[in-house]
Amino acid sequence: MSASAVHSLWTTAADPISKIGAPKIEYGQLSPTLIVVGAAVVGVLIEAVVPRKARYYAQLFVSVVALVAAFAAVVALAAGGYATTKSGIAAMGAIAVDGPALFLQGTILLAGLVGLFTFAERRLDPAAHGNRVDSFAAQAASVPGSDGEKAAVKAGFTTTEVFPLLLFAVAGMLIFPAANDLLTLFIALEVFSLPLYLMCALARRKRLMSQEAAVKYFLLGAFASAFTLFGIALLYGYAGSVSYATIAQVVDGTVPDVNPALADTMGNDALLLIGAAMIVMGLLFKVGAVPFHMWTPDVYQGAPTPVTGFMAAATKVAAFGALLRILYVVLPGLRWDWRPVMWGVAIVTMLGGAIVAITQTDIKRLLAYSSIAHAGFILAGVIAATPSGVSSVLFYLGAYSFVTIGAFAVVTLVRDAGGEATHLSKWAGLGRRSPLVAAVFAVFLLAFAGIPLTSGFAGKFAVFKAAAEGGAGPLVVVGVVSSAIAAFFYIRVIVLMFFSEPKPEGTTNPRSPPPPPPPQKRRRPAPPPGKAGPPPL
Amino acid sequence: MNPVNYLYLAALLFTIGATGVLIRRNAIVVFMCIELMLNACNLALVAFSRMHGNLDGQIIAFFTMVVAAAEVVVGLAIIVSLFRSRHSASVDDASLMKL
């Protein structure tokens, strides 16, 4: 297109306001997201104006009301027929309102609600100077071990900002699987990623590990989203549009009217293949599939455990939802190209996650590797490329997300004098000390392992059945083998909890070397002489 | 000038940024390389927008700038807090958690 034609676009855009049609926004169909975003903004205002003592209850009230109301809105939309008979495209084609989107939004909202309760739990940490505290830093800006931090702890501060951050993350996750163009996809990706990066850094204990996890998650996450954005640019160059429907038409070669100006780029397969690969790469990073999984164990271990649980459940639901929509709506015409690649990714993800998990000694890292293995199982359902593939993946995500949040919630309960006891040796004999906690955790582990009568079994059966019917038989064999490997380490934790002697607390076992000092207690360098700190009061 | 040249430049900048992320050690420099990658994306989007004669790419470039600004806010906060507790912004030093 000539230069003057482009400039004419600018002048058109500068027409009088009366000539520009107002966009049509379907507020009813967008209500779940709008409610959550609105509540998050209210949460920010609460931080600004409400006195510190009242903030926790105000934030908790607003967040619970928002999540419940948004879930009610999702249910109302589904009851209104959007999940079954009709489907809508809202906000000028940016958001799809259909069955899978509503199911995933409902799952994310429920996971967010359960996650919110674990965020708000204040009875686990011992009361600090008369104030009940949760698992978040007293003051995130203070340096670990500094006087400022001690003063903040003594004053009983808590980081109530986590509630609006959680709501912003949930809002982004609600949009992510419903995004119907690439711009919305990218914005939703950032909207839910940025609060997660921040929340990872907010642990009350083991703050150095928490900050390290946040830096790793942030740098790698931003790296991955830059790849996603370049992929979006290339797909836009390929199709001349960012709308999913238009791109799918161009991929299929069924465009009604081809613009002659696009003959150069449209149909350039290099743009399509590289662009699609980069977008899918960004999504695989978010789900934690194996070549892009390096962040998962460190971030899961370092982040505050409630955040880990929420992130492990809700991010996976949102990212798989977006991946399904990209692969099934935008790129079905490219099926013969992406299926072999996804085969490879699914196989290494299932086997890699299950095998590396065997060697783990930290319960949070173990659950992280187990989540990688589960991402592989879900990918097997994605590869089916059939309607039963979609439904099985959705079911698996729903079942898996609640088991995950539950498992991490149990991890927050197992404690010793230094806070959460995540090393597996501390879990020995838990079944005798706290039979209920151990029994609940055992049920969750059995569900992860996919033992019959648990949700995990039903989910795995569904995705493997869909994969087998979709012509991925060998993948199912690999999946079953890695399920067996995974069952080994889940059962090992159960055996450890119920059938091994608890280690006596407070006495050192002469046969085992003393545990290394916790690294977060690294002292700050001593101040130079002459610049001593303030005299003790 | 042929707009395709801008695409080559964008790809080059993106590659330089990605290489920098992989080989540099200072978290701030790594972060700057990520910003370079985002700006390479912007250049590609604007060049494609010109080639296609529609405004979608330019709109996305605006959104990308906002996202990049938000990312700077969050990223610098995290990196500065890491630096204040460790007196080092090297990504190699942050290795408390290893297999």
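Colleague: What makes you say that Ile383(A) touches Arg339(A) and Trp343(A)?

Modeller: In this predicted model, two residues are in contact if their C-beta atoms, placed from the backbone, lie within 7 Å. Leaving aside residues up to four places away in sequence, Ile383(A) touches Arg339(A), Met342(A), Trp343(A) and Ala346(A), as well as Ala467(A), Gly470(A), Ala472(A) and Leu475(A).

Colleague: Which residues touch the most other members of the largest nonpolar core?

Modeller: That core holds 223 residues, and Val36(A), Cys200(A), Phe230(A) and Ile383(A) are the ones that touch the most other members. A residue is buried if 20 or more other C-beta atoms lie within 10 Å of its own, and a nonpolar core is a set of buried residues, so Ile383(A), as a member of the core, counts as buried. The element that gives the most to this core is α8(A), with 23 residues.

Colleague: How do you know which elements of chain A meet chain B?

Modeller: By the contact cut-off of 7 Å, 41 residues of chain A are in contact with 39 residues of chain B. On the chain A side, α1 (3–13), α7 (182–200), α8 (207–239) and α11 (295–302) each give two or more residues, and the largest share, 16 residues, comes from α8(A). The residues on this side divide into 30 nonpolar, 7 polar and 4 charged.

Colleague: Why are residues 28–48 and 60–83 of chain B called transmembrane regions?

Modeller: The name comes from the UniProt annotation, an unreviewed entry, which also covers residues 6–23 of chain B, and such annotations may be inferred rather than shown by experiment. In the model, residues 28–48 of chain B are 100% helix, with end C-alpha atoms 30 Å apart, while residues 60–83 of chain B are 100% helix, with end C-alpha atoms 33 Å apart.

Methods: Residues numbered from 1 in each chain as written. Chains lettered and ligands numbered in written order. Predicted model: local features only at pLDDT ≥ 70, side-chain atom pairs only at ≥ 80, totals over all residues. Helix = DSSP H or I, 4+ residues; strand = E, 2+ residues; numbered from the N terminus. Nonpolar A, V, L, I, M, F, W, Y, C, P; charged D, E, K, R; others polar. Core = buried A, V, L, I, M, F, W, Y, C linked by C-beta atoms within 7 Å. Buried ≥ 20, exposed ≤ 12 C-beta atoms within 10 Å, placed from the backbone.
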